[in-house]
Amino acid sequence: MVSQFYTVQRYAAYTQENLLTWSKLFKNLEEVHSTLACTTYLRNKKKLGLHAEVIPDFAEINRTLSQYNDGWEVVAVDGILESDTFLYLISEKKFPVTPWIRPLANAYSYDDADMLHDMLGHVPFLLDRRFTSFIHQLGRMVVDSDFNEEVTEMVNRVYWRTIEAGLVLEDGV
């Protein structure tokens with residue numbers, strides 16, 4: 001169903017501009033994250049070894065994921081996926097990540113998801129079993145309904161209004 005969306009992370013193909021973009025945005029987000037991000041996110045970003053000086057290698061990320069949350073992995077995909085494809089992957093414990101990095105010239109005004117969005121916005125939460133259990137159940141609901149349109153739409157709304165928006169309850173706040 002989804003193999004046509006898979007791609008590979010060509011790590012050696014990243015350019016100096018890619019690294020500069022990654023580094024610049026990472027550092028800027030780090031300032032925001034230090035005051036606004038939840039402790040789970042901050043702890044897991046550190047466990048994954050994410051930092052400004054190195055573009056993440058999916059193979060290394062998956063080795064770390066396997067230590068904390070068996071069965072989950074990031075998979076390289078070629079762009080934004082349709083909801084049913086995305087939810088199918090989630091049901092298989094595969095989190096889709098685009099391996100490309102936005103151009104430096106558009107660093108702050110880019111509409112498409114890229115590795116910065118995926119890796120810094122979502123992947124740290126894959127170390128949290130409560131989080132992965134929740135999103136896995138969302139994916140399973142769609143697959144178990146045989147991709148019923150109403151179920152897919154409902155799950156899509158829940159996902160976009162909670163997970164994608166970064167809705168987190170921490171310490172009762």
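**Reading pockets, salt bridges and ring pairs**

Author: The largest pocket of this predicted model encloses about 640 Å³ of space. Local features here need pLDDT of at least 70 and side-chain atom pairs count only at pLDDT 80 or more, whereas totals for chains, interfaces and linings use all residues. Residues are numbered from 1 along each chain as its sequence is written, and side-chain values use heavy atoms, with hydrogens and water left out.

Reader: What counts as a pocket, and which residues are the closest to the centre of the largest pocket?

Author: On a 1 Å grid over the protein atoms alone, a pocket is an open set of points where a 1.4 Å probe fits, with protein on both sides within 12 Å along at least five of seven lines; lining residues have an atom within 4 Å of a point. The volume is the space filled by probe spheres set on the points, which are joined across faces, edges and corners. Here 24 residues line the largest pocket, and the closest to its centre are Cys 38, Phe 125, Gly 166, Leu 167 and Val 168.

Reader: Which elements give two or more residues to this lining?

Author: Elements are DSSP runs numbered from the N terminus: helices (H or I) have at least four residues and strands (E) at least two. Those in question are helix 1 (16-36), helix 2 (39-47), helix 5 (115-121) and helix 6 (129-144). By class, the lining holds 13 nonpolar, 7 polar and 4 charged residues; Ala, Val, Leu, Ile, Met, Phe, Trp, Tyr, Cys and Pro count as nonpolar, Asp, Glu, Lys and Arg as charged, and the others, Gly among them, as polar.

Reader: How much space lies in the second largest pocket, and which residues are the closest to its centre?

Author: This pocket has about 390 Å³ of space. Of its 20 lining residues, Ile 80, Leu 81, Phe 86, Trp 160 and Glu 164 are the closest to the centre. Helix 4 (83-91), strand 2 (94-97), helix 5 and helix 7 (149-162) each give two or more residues to the lining.

Reader: How is a salt bridge recognised, and how many salt bridges are there?

Author: The rule asks for a side-chain nitrogen of Lys or Arg within 4 Å of a carboxyl oxygen of Asp or Glu. The count comes to 6 salt bridges. One of them joins Lys 45 and Glu 30, whose closest N and O atoms are 4.0 Å apart. Lys 45 lies in helix 2 and Glu 30 in helix 1, so this pair ties together parts that are 15 residues apart in sequence. Lys 45 is buried (under 20% relative accessible area), at 7%.

Reader: Is Asp 144, in its salt bridge with Arg 140, buried or exposed?

Author: Asp 144 is exposed, with a relative accessible area of 57%; exposed means over 50%, and partly exposed lies in between, all with a 1.4 Å probe and protein chains only. Arg 140 is partly exposed, at 26%. The closest N and O atoms of this pair are 2.6 Å apart, and the two residues are separated by about one turn of helix 6.

Reader: How are aromatic pairs classified, and how many does the structure hold?

Author: Rings of Phe, Tyr and Trp (its six-membered ring) pair if their centres lie within 6.5 Å; planes under 30 degrees apart count as stacked, over 60 as edge-to-face and the rest as tilted. The whole structure has 6 aromatic pairs. Trp 22 and Phe 26 have ring centres 5.8 Å apart and planes at 35 degrees, so the pair is tilted. Both residues lie in helix 1, and both are buried.
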